[in-house]
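Trainee: I am new to this structure and would like a close look at a single part of it, the open sheet and the helices that lie across it. Could you take me through that part slowly, and then show how it connects with what lies around it?

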Amino acid sequence: MTPFRKNLIDGEWVGDAGSRNINPSNLDDVVGEYASGDAEQARQAIAAAKAAFPAWSRSGLLARHAVLRKASDEITARKDEIGRALAREEGKTLVEGVGETVRAAQIFDFFAGEALRLSGEQVPSVRPGVGVEITREAVGVVGIITPWNFPIAIPAWKIAPALAYGNTIVFKPADLVPESAWTIVDILHRAGLPKGVLNLVMGKGSVVGQAMLDSPDLNAITFTGSVGTGKRVAAASVEHMRKFQLEMGGKNPLVVLDDADLAVAVDCAINGAYFSTGQRCTASSRLVVTDGIHDRFVDAMKDRLAKLVVGDALDAKTQIGPVVDQSQLKQDEDYIAIGRQEGADLAFGGERLDRETRGFYLQPALFTQATNAMRISREEIFGPVANVIRVKDYDEALAVANDTPFGLTSGICTSSLKHATHFKRNSEAGMVMVNLPTAGVDFHVPFGGRKGSSYGPREQGRYAAEFYTTVKTAYTFAG
């Protein structure tokens, strides 16, 4: 029986059926039906969060800790079930779906601890007899808008710190992945959150998202998604003088030097460029390779790509699942055509694939003879497509790696401590990997980039407090 999921507003499940969630591995499989909220429901959710804020922001630390810890425990206990549903609706492999679910549980566990570690400073004033206290307080009602590619981890790393620091929430998930969003909200609701603290409004971004942007009662918005939408979030937030945080695109380089371990370099490139069907903002879609290792690297890549199993996300043998939907598949195919028109050589893949069930299957694509000026090197494709850019040496590799409007993550494969150290210092990215895939970060350390990839404080770890709290300085004269 197909489930019907409603929105959660002021502690009540509300809404009529509005959209169907289709499995990209099997277009005949309906994951569920979901309420599609309107602007009025978005306004009601914001009003509920505003009303709930005073009590929740002053609630006891143990109350917040208990909710977050219960959520972590339930997600952990249900990781196989939730991970399977995630893989079914988004298309990443079952192993990746379960792994992402475990990460969400770890994030809630981490911020359950952070709720008990809230701290401040007490310092003497320059004036005798005056004391100064520096504390952090919740910022207020936080709007959370999340993408489809990590449908439980990204909501977790926004919702968990928002709650831990005493904020209330209006959450608008991506249309393509409502099941994961609904599940995490249902778990938190049953964990004991007071009504109005967490509100879920599923629906179209042009309707629900716009109502959030237009509201003067949202004190902060955290957004992960496209650059274009991120700019709209920024403009609307400036209009209302609200705090905002943006995580947007990436065109991440993986540099491979002549002295690299070839097997390590190929593993990093395959994982970073193609796992999760390449649908990661941290994907290494530019492979910047020096002359001495270039030909061996390309041959090894083609050999590995030929062995990758592309298929149904729920099949245990599958290594690369389908693209998320028809629109994304068309975008991938359009960029493959653009790359060929620009003069790059499609050395492997790029073809639609037929499987037992109808789905959005695409053979991973590898371009060679690419330049950094081509559109396939400048623009984010967000699919299983990567291109090799040949360079003469480390200096040229670094220059090419940094020559991008984005700056989320970068990587280098080398056995040289000198080059690794120099790259870590001089790479213009928020996160740098040495002999590791560009995609893959820990849950307890800051996440974010530079240039056109990110704006505002970092996400995750203790750095999350920079966005979800505001600093207060209080002076006391004892007399």
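Mentor: Let us begin with helix H10 (residues 291-307), which lies across E13, E14, E15, E16 and E17 and runs at about 140 degrees to E14. Please keep in mind throughout that this is a predicted model.

The strands just named belong to an open sheet of seven strands, whose order is E15-E16-E17-E14-E13-E19-E20 and whose pairing is mixed. At its edges are strand E15 (345-348) and strand E20 (431-434), each of which pairs on one side only, and from one strand to the next the twist averages 25 degrees. Strands of a sheet pair through backbone hydrogen bonds, and they may do so in a parallel or an antiparallel way.

A second helix, H9 (residues 262-274), also has to be placed against this sheet: helix H9 lies across strand E13 (253-256), strand E14 (286-290), strand E16 (365-370), strand E17 (385-391) and E19, and its direction is at about 170 degrees to that of E13.

If you now move to the E20 edge, you will find that strand E19 (residues 409-413) and E20 run parallel and are joined by four bridges. To locate this pairing in the model, look for Ser410, whose bridge partner in E20 is Val432.

At the E15 edge, the loop between E15 and E16 deserves attention, and a salt bridge is the place to start: the side chains of Asp28 and Arg358 meet there at 2.8 Å, N to O. Because Asp28 lies in strand E5 (residues 26-35) while Arg358 lies in the loop between E15 and E16, this pair ties together parts that are 330 residues apart in sequence. Asp28 counts as exposed, with a relative accessibility of 57%, whereas Arg358, at 48%, counts as partly exposed.

Strand E5 takes part in another such contact, since the side chains of Arg88 and Asp29 also meet in a salt bridge, at 2.7 Å, N to O. Here Arg88 belongs to helix H3 (residues 79-90) and Asp29 to strand E5, so that distant parts of the chain, 59 residues apart, are linked. Arg88 is partly exposed, its relative accessible area being 25%.

A further salt bridge, between the side chains of Asp403 and Arg378, has an N to O distance of 3.4 Å. Asp403 sits in the loop between helix H13 (394-402) and strand E18 (406-407), and Arg378 in helix H12 (residues 375-378), so this pair ties together parts that are 25 residues apart in sequence. Both residues are partly exposed, Asp403 with a relative accessible area of 38% and Arg378 with one of 24%. The structure as a whole holds 28 salt bridges, and side chains of opposite charge can pair in this way when their charged atoms come close.

For a contrast in pairing, turn finally to E6 and strand E7 (residues 130-138), which pair in the antiparallel sense over four bridges, with Glu121 having Ile134 as its bridge partner in E7. These strands form a hairpin with five residues between them, and Gly129 in the turn has a positive phi of about 80 degrees. E7 also pairs with strand E23 (residues 469-477), again in the antiparallel sense, over nine bridges, and there the partner of Gly131 in E23 is Thr476.

Notes: Residues are numbered from 1 along each chain as its sequence is written. This is a predicted model: local features need pLDDT of at least 70, side-chain atom pairs count only at pLDDT 80 or more; totals for chains, interfaces and linings use all residues. Side-chain values use heavy atoms; hydrogens and water are left out. Two strands pair if DSSP finds at least two bridges between them. Helices (H or I, at least four residues) and strands (E, at least two) are DSSP runs, numbered from the N terminus. Axes are lines fitted to C-alpha atoms, for helices over the stretch in contact, and angles run from 0 to 180 degrees between N-to-C directions. Contact means heavy atoms within 4.5 Å. A salt bridge is a side-chain nitrogen of Lys or Arg within 4 Å of a carboxyl oxygen of Asp or Glu. Buried means under 20% relative accessible area, exposed over 50%, partly exposed in between (1.4 Å probe, protein chains only).
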